[in-house]
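Here is a short briefing on one protein model. Keep the structure in view as you read, and look up each residue as it comes up.

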Amino acid sequence: MAAQHIQLLQSLTFPKPGVDYVHNEECTQCFDSQDDERGVDVCLTCFNGGCLSEARHHARSHFQKHPDHRFTVNIRRRRKEANGRDGQSEPPAKITKLEVVPEREEDKYTKETTLRFWGPNATDGQDIDISELGDQAERARSLITAVVDAKFAARSGPEAAWGEEELAVCEHTLLLEQLQRGSIPAEGLAKCQSCDITTNLWLCLTCGALGCGRPQYGMPGAGNGHALAHFNTHHSLGEEGHAACVKLGTITPEGNADIYCYACDEPRLDPELAAHLGNFGINVAGQKKTEKSLAELQIEQNLAFDFSLTAEDGSALEPVFGPGKTGLANLGNSCYMASVVQTLFSLLAFQSRYYDSGLSKAEAHWAACREALPAECIECQMLKVADGLLSGRYAKPDPNVKRPPANVETTDAPLHPAPADASPALAHQAGVRPAGLKRLIGAGHAEFSSMRQQDAEEFLGHLLTKLRRSNHAQASASGVFYPLACTGTSGSRTSAMIGSEEPTEIFAFGVEQRLQCGNPSCGGVRYRVDTQDVLSVAVPAVEVPAFDDKDGEIRKAFAPIELTRCIGDVLGKGGEERLEGWECPGCGQKSAAFKQVHMATFPEVLVVHAKKFQLVNWVPTKLDVPVILPHDDTLTLDTYLGHGLQPGEKELADTPAVAAQPQFDAEVLAQLEGMGFPAVRCQRALLATGNIGAEAAMEWLFGHMDDPDIDAPLDLGGASGGAAPSGSEPSEEQIAMLVSMGFTHAQARKALRETGGDTERAVDWVFSHPDDTGEDTAPAPASSGVDFAKPAAPGTTDLPARYRLKAFVSHKGPSVHSGHYVAHVRAPGLKVAAGTGGEGMDVDKDEEGWVLFNDEKVVKADVKSVDELKRLAYMYVFERV
């Protein structure tokens, strides 16, 4: 047997950094990890991680699917006993100089490893004594060390969990011209040239000026922005340079440091940093990192964000545990994802689609999964997250969180510790880490694959799109089709749509847009129905003075507004909009047109996105405008249902797209470009908004700044802004996108030709023509009893359309791209305080309560804080009742 082992071991290769993902911390199909009693088995052929639990045993199922993957290494990690302060020992000597040294994993843990062999028909691996492998023993040990120490898939520490930010050079760092030379003040003596701040100092690489950094949200005294003011002063005088700067205190002996370009307003790289710093007397080799980098500070802020985890009386809120009450560990800047995912898995459709306690769904999928590894399959990762959140196995107190004695002051305590005399069960949980799902959902997206904070509403839309494409690809592979917008004769979706196969469709609804010619002699109307998943409503900001009792300053505050009014301003008569300069295809006259929006259908779950923004110096700033929800958190939308073309209305014919150069309003285009927007973005915004004005174009721009194709060149050959006319040849990139979803090349090509190059419509076309192979001689689609020729909008027109609040996502911070997100979910089985009784006593009721999901911290929310935070929520999720 040893000879056989040696021969097989010789064929194994070492993992390649940057190429191979080594899943050495946890199972790729569940959240069992190397910290569990039996550890995790890592395949030495493909580096997949599999658990060894009796119920799941994903290491065994991996070998059964890949019987030629014979070797694994079992890894078990154990935490070392803490040697630091325990509250009783003497405090350490006073630190006179801080050097930021990252904590190493080997300082905290010990690891036990065992080489294992999986023979034919094995149900468990066989342990191997490496010493019996002869001259291959050392190679085996080296291979195991490489796999155990690999940080390619799951890095230790919050900075690693964030992922590596891809920095690049820019013209300002690449072509940097230094105008002055000399030495800056020695460490400890340097300070901002415009104030007395001595930390967070930025050195201008052009002239050597020292300025403090910009103010940081939640970090008082961090800076007054004098380094930026230095750049702006020179820029306003027409002087080149002074854009690139380096943060003192972040310079390492290896030549790394925080470098920022104010002209690009982005972190950058300076390939000649050592030489540039040498001009100011800074020897890189002798530097020590004494301050945290921007990335570390932002991670720290997000990990420690205080978001109402205390009750009104200041006591810690009670942690809760169990199925559906599992936290998602913060990956460094992932609270936007955690809040959305927790909300989705609180809904029955997602629970039914991705979870069953018997694991039959996961097992059936893995048996048929076309991906080689679970880590590369969105379905596998959704099943994994569902099991992690809904099984309750991982909703347990974190044993590594220890409360200090009540009489000891320490900075190492949890942010929201339970009372010192409370039960240990009140400790917060560690949560599960959805790193695999985040990587797959963000793949190929410029923003969601980055380490930066993102907009939760934008992420929801992106996630739904990725899930639909994944489900479509699986349906195509299995031959079972689930059209996105299939309706029966009653106008309601068929059972295939509202079943468990496509849970994302619970959000989809139709929006009816009615456009009427303003010419009294015409009055023709045109109706169009679009499908969307979120109802976005503007929240008017009416400023009122408010007195802040805490510091005696007048703070900006806003008058509350009812949510029903915000919805009414978008839908129905209240949302009527006047469009100038519209040319009517009926009468041929150029006049005003009037646009109204109604609900064509109602979804099963309604997401309302409260847009609370104000442009401050052309930068969208979030406003905390209180929104008042209806009584009992229930919406009734019957009056907003549209009815299409009415008797007596004259319908305007649709005009085909003209393959001519689209026209842009030259004045508006110049106005947008004058604000600093690139020309291609301005053109794209004008096309998207129909040339109706600068304000609409700017709103579109600010809402699509993070689109991956925002700077892609426009195909100006047609008025549609890039979609090819029907029958024209699509690009190979478009075809490749559809092929990646599971369609054949011929199907993708024909669908794109039939839909004018519109990718989303092409997907619907394929599922509406399941018998069309895409070949020129393909047979006509067979009759199915349901009219697929013109899909109707998803949803239903049934009345009454009543919705009750199920969850809401709140945000704290000045921008949706910074700060912190949390989710509140209405959950059954919680004993909640209902208020004060008639005799002045508190009354408890056994009914639904609210659970606050703040990353890994899951607590029972108190009624007063819920009522307050509902008013300031960013997204509301209503279930139909």
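**Long-range contacts and overall make-up**

Take the contacts between residues at least 6 apart in sequence: 70% of them join residues at least 24 apart. Keep in mind that this is a predicted model.

- The protein has 24 helices and 28 strands.
- Buried residues make up 47% of its 881 residues.
- The accessible surface comes to about 43,100 Å². Carbon and sulfur atoms account for 51% of that surface.

**The annotated binding site**

- Which residues does UniProt mark as "binding site"? An unreviewed UniProt entry gives Cys192, Cys195, Cys212 and His226 that label.
- These residues span 35 residues in sequence, yet no two of their C-alpha atoms are more than 8.2 Å apart, so they gather at one spot.

**Cys212, in a strand**

- Cys212 sits in strand S7, which runs over residues 210–212.
- Is Cys212 buried or exposed? Its relative accessibility is 0%, so Cys212 counts as buried. The cut-off for buried is under 20%.
- Setting aside neighbours within four places in sequence, Cys212 is in contact with residues including Cys192, Cys195 and His226. UniProt gives these three the "binding site" label as well.
- Other contacts of Cys212, again beyond four places in sequence, include Ile197, Asn200, Leu201 and Trp202. Gly223, Asn224, Gly225 and Ala227 are also among them.

**His226, in a helix**

- His226 belongs to helix H7, residues 226–236.
- His226 has 22% relative accessibility, so it counts as partly exposed. Partly exposed covers the range between under 20% (buried) and over 50% (exposed).
- Which residues does His226 touch, not counting those up to four places away in sequence? They are Cys192, Ser194, Cys195, Gly211, Cys212 and Gly213.

**A pair of helices: H12 and H13**

- Two packed helices are described by the angle between their axes and the distance between the axes.
- Helix H12 covers residues 360–368, and helix H13 covers residues 378–390.
- Their axes come within 10 Å and cross at roughly 165°.
- Why are H12 and H13 called roughly antiparallel? Angles over 145 degrees count as roughly antiparallel, and H12 and H13 therefore fit that description.
- The crossing of H12 past H13 is left-handed.
- On the H12 side, Lys361, Ala362, His365 and Trp366 make the contact. On the H13 side, Glu379, Cys380 and Leu383 do so.

Key: Residues are numbered from 1 along each chain as its sequence is written. This is a predicted model: local features need pLDDT of at least 70, side-chain atom pairs count only at pLDDT 80 or more; totals for chains, interfaces and linings use all residues. Side-chain values use heavy atoms; hydrogens and water are left out. Helices (H or I, at least four residues) and strands (E, at least two) are DSSP runs, numbered from the N terminus. Buried means under 20% relative accessible area, exposed over 50%, partly exposed in between (1.4 Å probe, protein chains only). Contact means heavy atoms within 4.5 Å. Accessible areas come from the Shrake-Rupley method with a 1.4 Å probe; for residues, only the protein chains shown count as cover. UniProt positions are given in the numbering used here, feature names are shortened, and annotations may be inferred rather than shown by experiment. Axes are lines fitted to C-alpha atoms, for helices over the stretch in contact, and angles run from 0 to 180 degrees between N-to-C directions. Angles under 35 degrees count as roughly parallel, over 145 as roughly antiparallel, 65 to 115 as roughly perpendicular and the rest as oblique. A crossing is left-handed if the near helix is turned anticlockwise from the far one by less than a right angle, and right-handed if clockwise.
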